[in-house]
Amino acid sequence: MERLQKVIAASGVTSRRKAEVLISEGRVSVNGVVIREMGYKVKKGDQIEVDGELIQKENKVYYVMNKPKKCLCTLDDEHDRKTVVSLIQCDERIFPVGRLDYDTSGVLILTNDGEFANMIIHPRYHLPKTYDVLIDGILETSQIKEMEKGIMLDDGMTLPAKVRVRKKDYVHKKTKFDLTIVEGRNHQVKRMVEYFGYQVTSLHRKSLGFLKVDDMSQGSYRLLKPQEVKDLRRLANEGK
Ligand code: URA
């Protein structure tokens, strides 16, 4: 038995809050009877209609994309810039799991499964994300150590990170390194780099857990295999 507003929201028709409004407005019926009671419990097989239209449970879908640069993770944009959702052809109401910046490329999951999305982005689950980072300076050993221990940003201490230097270019004053973090705060990598007075000049998320997009061109996507979804859930649960 599940609450009516939850079932309506899970069908993808609208959000849970808006489903409550629909119920209070008398626009929802169960087995032909208008229900205005909030929290009314429905069971499998009950016929739920919104404005006379039968709702169906939305199929859960999971995609992984190699997000291209110059593309937004918001659902739409007032300036009509490209969004990640617009690149995927599907009927379900999918959304990106977490955000990559406009100028960041790499692994991005898109789904219509809110509970799964929460497991992937919630810091409690400690899912590792590795970024390929290029900065406009030479990252010092002492700075690497600080990053690995945790640094104080304006929203608190970062959890320990892993750094693997790929190249230090002393002539052009650039460092290329892999940074693995288990959180996903807003602009976290850029802010960690800015903490030391540098700027990120290129950012690519090369992995999220075991998911990689090395063999996918930017902008391409594929459905996750059911086993991959299961393994991501397991990985997130282990990190709790
Ligand atoms: N950290 C950032 O600063 N930007 C991203 O897009 C992802 C992580």
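Which residues are around the ligand?

**View 1. Residues around the ligand.** The model is predicted; local features need pLDDT of at least 70, side-chain atom pairs count only at pLDDT 80 or more, and totals for chains, interfaces and linings use all residues. Residues are numbered from 1 along each chain as its sequence is written, and side-chain values use heavy atoms, with hydrogens and water left out. L100, D101, T104, Y131, H187, Q188, V189, K190 and L203 surround the ligand (a heavy atom within 4 Å). By class, this shell holds four nonpolar, three polar and two charged residues (Ala, Val, Leu, Ile, Met, Phe, Trp, Tyr, Cys and Pro count as nonpolar, Asp, Glu, Lys and Arg as charged, the others, Gly among them, as polar).

**View 2. Polar contacts of the ligand.** A polar contact here is a pair of N or O atoms within 3.5 Å. An oxygen atom of the ligand lies 2.9 Å from a polar side-chain atom of T104. A polar backbone atom of H187 is 3.3 Å from an oxygen atom of the ligand, and a nitrogen atom of the ligand is 3.5 Å from a backbone N or O atom of Q188. The protein buries 96% of the 240 Å² that the ligand exposes when taken alone (Shrake-Rupley method, 1.4 Å probe).

**View 3. Helix and domains at the ligand.** Helix α5 (residues 188–194) gives the most to the shell around the ligand, three residues (helices are DSSP runs of H or I, at least four residues, numbered from the N terminus). Domain 2 (62–121 + 211–238) and domain 3 (128–208) each supply at least three residues of the shell; the bounds come from an automatic or database domain assignment.

How values were computed: A polar contact is a pair of N or O atoms within 3.5 Å; within protein, one must be able to donate a hydrogen and the other to accept it, and residues adjacent in sequence count only if both atoms are side-chain atoms. Helices (H or I, at least four residues) and strands (E, at least two) are DSSP runs, numbered from the N terminus.
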